[in-house]
Amino acid sequence: MSEKNQGQKQTARERLQQERERDKAREKRRRTLIVAAAVVGVLGLAAVVGVVAANSGKKSSGSDAGPLLAPAGVQGKDQLAIPVGASDAPSTLTVWEDFRCPICAKFESVARGTLHELEQTGQAKIEYHLATIIDGNMGGTGSLRAANAAACAQDVGKFAPYHDVLYQNQPAETDDAFGKNSRLIELAGKVEGLDTPEFRSCVEDGKHDAWVAKSNTAFRNSGFRGTPTVLLNGESIFPDKGGEPITTANLKKWVAEANKGKKPGTKRSTPSPTSPAS
């Protein structure tokens, strides 16, 4: 056989191998992501949603953690909701997030001002729920470690600003930078009064790891497809509501419609001391 023919066969084999590798990569991506290929209005979000089923057979991150200690001030079923805003606000926005989720960061970066306006004016309270599906899909512990740190911030009434700092400094989805407690403590320095010995101890000891694991289990058992999941008074509004895309304008409109004839909330409380949760 001539060198030319041998080279052609080798090139063909290489092309075939490369194509097989591409097929494997596409299949892996298909199993871990659902692509709802809509651009969502002003938010400009391609609704890429992490697939919960990809983790359904995997052990929950933090399942071997110590006693289940809920953060201060949590509410709702099984004490899994971190509330932000007036407790008597007429509407409730429920947000399930993963601090490593890039679409969560995109949603937060664009909707942040609107969310703050709604809760600060008493139109809606926000109940945040934390999940760790990216750890399961991509490997690492950044989702868990960041969620625990955010729960530690909740203990001293600084969840909301620290939550925003985490998303503003989110690493690439494949970069497990949040898996380092030192990075999470460094970012706490951006929130006035948060970087204290107590906060550092809470982060480094993984004080709320078991609570985060319980929250993630609740998410996986909920039937939600992925993060972010956003509900208004129990109704899904991400990436759309009744065929209307979620935009900042629509979000304000939907809350206003839900609140028609109701007074804004005014009751605000500070977190109470951390206590064990069942």
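These legends go with close-up views of a predicted model.

**View 1. Helix 5 crossing helix 6.**
Here we zoom in on helix 5 (residues 159-168) and helix 6 (residues 181-188), whose axes come within 10 Å. The two axes cross at roughly 120 degrees, so helix 5 and helix 6 count as oblique to each other. As for its hand, the crossing of helix 5 and helix 6 is right-handed.

**View 2. The side of helix 5 that meets helix 6.**
Helix 5 brings Tyr-162, Val-165 and Leu-166 to this contact. Across from them, helix 6 supplies Leu-184, Leu-187 and Ala-188. Sort the residues of this contact by type and you get six nonpolar, no polar and no charged.

**View 3. An open sheet of five strands.**
Read across the sheet and the strand order is 4-6-5-7-8, with mixed pairing. Strand 4 (82-84) and strand 8 (235-236) are the edge strands, each pairing on one side only.

**View 4. Strand 7 paired with strand 8.**
At this end of the order we find strand 7 (residues 229-232) next to strand 8. Strand 7 and strand 8 pair in the antiparallel sense, over two bridges. Leu-232 has Glu-235 of strand 8 as its bridge partner.

**View 5. Helix 8 packed on the sheet.**
Helix 8 (residues 209-220) touches strand 4, strand 5 (91-97), strand 6 (124-130) and strand 7. The direction of helix 8 makes about 100 degrees with that of strand 6. One of the strands touched, strand 4, is also an edge strand of the sheet.

Definitions and conventions
Residues numbered from 1 in each chain as written. Predicted model: local features only at pLDDT ≥ 70, side-chain atom pairs only at ≥ 80, totals over all residues. Heavy atoms only, no water. Axes fitted to C-alpha atoms, helices over the stretch in contact; angles between N-to-C directions. Helix = DSSP H or I, 4+ residues; strand = E, 2+ residues; numbered from the N terminus. Parallel < 35°, antiparallel > 145°, perpendicular 65-115°, else oblique. Left-handed = near helix turned anticlockwise from the far one by under 90°. Contact = heavy atoms within 4.5 Å. Nonpolar A, V, L, I, M, F, W, Y, C, P; charged D, E, K, R; others polar. Pairing = 2+ DSSP bridges.
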